Amino acid sequence: MSFSTAAPGSSPLPDAGPLSLCAREPRVPADRLVAEMVPPPRFDSVRFATYLPDPKQPSQTEAVGVLEGFAAGLGPAHATGAGRRGLFGFGKAKAAKTPAGPRGVYLDGGYGVGKTHLLASLWHAAPAEPSRKAFGTFVELTNLVGALGFQQTVRTLSGHSLLCIDEFELDDPGDTVLVSTLLGKLVEAGVALAATSNTLPGKLGEGRFAAADFLREIQGLSAHFRALRIDGEDYRHRGLPEAPLPFSDEEVMKTAFATEGASLDDFPHLLEHLAKVHPSRYGALTDEVRAVCLTGVQPVPDQSTALRLVVLADRLYDREIPVLASGLPFDRLFSEEMLGGGYRKKYFRAISRLTALARDAKGLVGA
């Protein structure tokens, strides 16, 4: 991966001051996209044993038991990828038997009930070598198809025993048909599926496009999964204070200069820059960044910009990068119209995650 400089005279060197995300245009090779399909740093050490079910929500305890059984059911023979092609489709493939009934589990629930924790725990518990199981967000999966092409993606993932898809959402008809076809091919190859979402499989796409026109594809997706409902409140807000108020521009800038590995950007300029970088590269955009400092946070102007910000918020949260900001608080990023529309679940997730990262950043001020 390499960076190109977008702003003349800017420098990413720590001893020259804060980094700038706006000065980065990462180039990410396709093989890195495949190699990085593992749980992100925030979820690298999680296990079923570290998940703390809410005693008031029995569905959380039930989900742990179901997923432990699902992982055990994959079995060592399946975990080796025996009878299927290698990682990139080489070698002779034997005919795969199409499993009867759902070949996956689908974790449905609100924000912050621990779905990603459970999904990553399943990945860790699956009895397979890391190269034989994949973990990524829905966006990262569609980006992989864009980088490798559909047929190569099928050959690559068909050598896996398990594919975990976080934040499963369908935003347009093209994605519906693409993912429906891809998962169908993988199930035929014997790949087990697991996914998380805030929307039940049969309701995917609702409110965002003419879902009724693609009902067959959506129902086809639903048939691959056994849905598990996980109830509960957002753990990021359990017993925690309200989101911290934004800091002043001066405090943010001073902290950025005093914090090794921090970036410093004007929020409106960062939003403009995100339009120039493919969302598949947002993770690489934050490489070696230890804190993100933003000045002048203001409402997001339009839906396309808002959706790009959602992806960045996910990558920052995955990597546990604190966010220090001035301007408006994060719960005022999105308009009432956005929060009431078809993408509302994405926006609420972004607010929840950015708020958590803002709490993490409080300790940087005056340190």
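**Overview. The protein chain as a whole in a predicted model.** Accessible areas come from the Shrake-Rupley method with a 1.4 Å probe. In this predicted model, the protein chain exposes about 16300 Å², of which carbon and sulfur atoms supply 54%. The secondary structure of the chain comes to 13 helices and eight strands, and buried residues make up 52% of its 367 residues. Among the contacts between residues at least 6 apart in sequence, 86% join residues that are at least 24 apart. The structure holds 12 salt bridges, and the close-up views that follow show some of them.

**View 1. Arginine 32 and glutamate 36 are joined by a salt bridge.** The closest N and O atoms of arginine 32 and glutamate 36 are 2.6 Å apart. Arginine 32 has a relative accessibility of 15% and therefore counts as buried, since buried means under 20% relative accessible area. Glutamate 36, with a relative accessible area of 39%, is partly exposed.

**View 2. A salt bridge connects the side chains of arginine 229 and aspartate 108.** The N to O distance in this pair is 2.5 Å. Arginine 229 belongs to strand S5, which covers residues 225-230, while aspartate 108 belongs to strand S1, which covers residues 104-109, so the salt bridge ties together parts that are 121 residues apart in sequence. As for their surroundings, arginine 229 is partly exposed, its relative accessible area being 45%, whereas aspartate 108 counts as buried, with a relative accessibility of 2%.

**View 3. Glutamate 167 and arginine 349 form a salt bridge that links distant parts of the chain.** Here the closest N and O atoms are 3.6 Å apart. Glutamate 167 is found in the loop between strand S3 (162-166) and helix H6 (173-188), and arginine 349 is found in helix H13 (residues 344-361), which places the two residues 182 residues apart. Glutamate 167 counts as buried at a relative accessibility of 10%, and arginine 349 is also buried, with a relative accessible area of 6%.

**View 4. Four charged residues are linked in a network of salt bridges.** The members of the network are Glu167, Asp314, Arg349 and Arg353. Among them are the two residues of the preceding view, Glu167 and Arg349, whose salt bridge has its closest N and O atoms 3.6 Å apart. Of these two, Glu167 has a relative accessibility of 10% and Arg349 has a relative accessible area of 6%.

Terms used: Residues numbered from 1 in each chain as written. Predicted model: local features only at pLDDT ≥ 70, side-chain atom pairs only at ≥ 80, totals over all residues. Heavy atoms only, no water. Buried < 20%, exposed > 50% of the residue type's maximum accessible area, 1.4 Å probe, protein only. Helix = DSSP H or I, 4+ residues; strand = E, 2+ residues; numbered from the N terminus. Contact = heavy atoms within 4.5 Å.
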